[in-house]
Amino acid sequence: RINQFPPNTPADEKTDEIRQWMNSVVNKMDYFKALHCRYVKGAVSLLELALWKAKLDEKEDNFEEGRVKKAKLDDGSARKEKRITCGADTVIKNVLPFLNLE
């Protein structure tokens, strides 16, 4: 079958033509793998931010007074702590295998 590709190419030039076509296919695959990797990195970042936001909102709901809520959320160390304890590392570790190309 591959010898029928491309039909208008003389027999002595088919090898070069097929090699050129194969290289173009490999280059396209490399491009789309890199593009996929970029999208996965973006998706992982968004997932981490969403989990962090959910953790901040969860803790915010536990406070009854508006002033306490503001003071607690404005504290940079509290926000950092919530980012660490939001569980993003565990979730991402379990989600990432489904997004990777292998």
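Helices are taken here as DSSP runs of at least four residues, numbered from the N terminus. In the predicted model described below, the chain contains 4 helices and 0 strands, and its elements follow one another from the N terminus in the order α-α-α-α. Of the 102 residues in the chain, 15% are buried, and the area exposed by the chain amounts to about 8,600 Å², of which carbon and sulfur atoms supply 55%. Among the contacts with a separation of 6 or more, 60% are accounted for by residues 24 or more positions apart.

The structure holds 1 salt bridge, which is formed between Asp16 and Arg19, with the closest N and O atoms 3.7 Å apart. Both partners belong to helix α1, and because they are 3 residues apart in that helix, Asp16 and Arg19 are separated by about one helical turn. Asp16 is exposed, as is Arg19.

The largest nonpolar core comprises 7 residues in all, namely Val40, Val44, Trp52, Leu56, Cys86, Ala88 and Ile92. Helix α1 and helix α4, the latter spanning residues 88-99, each supply at least two residues of this core, and it is α1 that gives the most to it, with 4 residues. One of the core residues, Trp52, touches Arg79, Lys82, Arg83 and Cys86 when residues up to four places away in sequence are not counted; of these partners, Cys86 is itself a member of the core.

Lys55 lies in helix α1, which covers residues 14-62. With a relative accessible area of 18%, Lys55 is classed as buried, because the cut-off for a buried residue is under 20%. Once its neighbours within four places in sequence are left aside, Lys55 is in contact with Lys82, Thr85 and Cys86. Lys82 and Cys86 thus appear among the contacts of Lys55, and Lys82 and Cys86 are also touched by Trp52. The lysine at position 55 is therefore a buried residue of the model by its relative accessible area of 18%, whereas the two partners of the salt bridge, Asp16 and Arg19, are exposed.

Methods
Residues numbered from 1 in each chain as written. Predicted model: local features only at pLDDT ≥ 70, side-chain atom pairs only at ≥ 80, totals over all residues. Heavy atoms only, no water. Buried < 20%, exposed > 50% of the residue type's maximum accessible area, 1.4 Å probe, protein only. Contact = heavy atoms within 4.5 Å. Salt bridge = Lys/Arg side-chain N within 4 Å of Asp/Glu carboxyl O. Areas by Shrake-Rupley, 256 points an atom, 1.4 Å probe, with all protein chains shown as cover. Core = buried A, V, L, I, M, F, W, Y, C linked by side-chain atoms within 4.5 Å.
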